[in-house]
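Trainee: Could we go through this model together, starting with its packing and then its pocket?

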Amino acid sequence: MNGRPLHAAALKFFWGPMDCGKSTMALQMNHNHARQGRRGLVTTRLDRSLGPQVTTRIGLAHTAIEVTEGMDLRALVRDARADGVGVDYLICDEASFYDVEHIEQMAELVDHDDVDVYAFGLATDFRAQLFPAARRLFELADEVARIQVEVLCWCGREGRLNARVVDGRVVREGEQVVIGDTVDTARVRYQVLCRRHHRTGDLGG
């Protein structure tokens, strides 16, 4: 499609901690592909805005399709094509919050429908354990890349892990997915820490 050889599509997973620019990169990639005449769909799940859109902390936003439990990404693409709307690629933001079955569907879209799939998300949760969807992406993706925008812990070391902070304290138990942000005034928020301070729960000053 669009000058690309048939069956050249790929599933790519771009990951990193909070604040490293995953959603910004997702929107930039969508922009770059659209400029070249490629047609794509932008999807997300549980964006911080709680709306059907991809938002970034630097102020960019784009409308998106909210991926819900039980949604079939294959049907989404195939229905669009049946309606005469070409789909060359998918941008899947917050992919770590998708179901494992959604990841299987992404792989099928690449292998059988020649659709490029670009997934963006966290690797690990607040306990430093892999999200199930992220684990499956690591297993299935043709390419896995850590986003290189440096995020720092308060101590100056590289920030690698996302701590969940409730009422000013790092918590170790709770639901795997709880929506929050990085603002200090939120009752439930997230803070990127180095491994040492994630393990000790030290939030610095």
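Mentor: Happily; here are some questions and answers on the core and the pocket. This is a predicted model, where local features need pLDDT of at least 70, side-chain atom pairs count only at pLDDT 80 or more, and totals for chains, interfaces and linings use all residues. Residues are numbered from 1 along each chain as its sequence is written, and side-chain values use heavy atoms, with hydrogens and water left out.

Trainee: Is T43 buried or exposed?

Mentor: T43 is found in strand β2 (residues 40-44), a strand being a DSSP run of E of at least two residues, numbered from the N terminus. Among the residues T43 touches (heavy atoms within 4.5 Å), leaving out those up to four places away in sequence, are V54, L76, I91 and Y98. Because its relative accessible area is 0%, and buried means under 20% with a 1.4 Å probe and protein chains only, T43 is buried.

Trainee: Which helix gives the largest share of the largest nonpolar core?

Mentor: Such a core is a set of buried Ala, Val, Leu, Ile, Met, Phe, Trp, Tyr and Cys residues joined through side-chain atoms within 4.5 Å. This one has 47 residues, and I91 is one of those that touch the most other members. The largest share, 5 residues, comes from helix (a DSSP run of H or I, at least four residues) α3.

Trainee: How many charged residues are in the lining of the largest pocket?

Mentor: Counting Asp, Glu, Lys and Arg as charged, we can set them beside the other classes. The lining has 14 nonpolar and 10 polar residues, and the charged ones number 9.

How values were computed. Buried means under 20% relative accessible area, exposed over 50%, partly exposed in between (1.4 Å probe, protein chains only).
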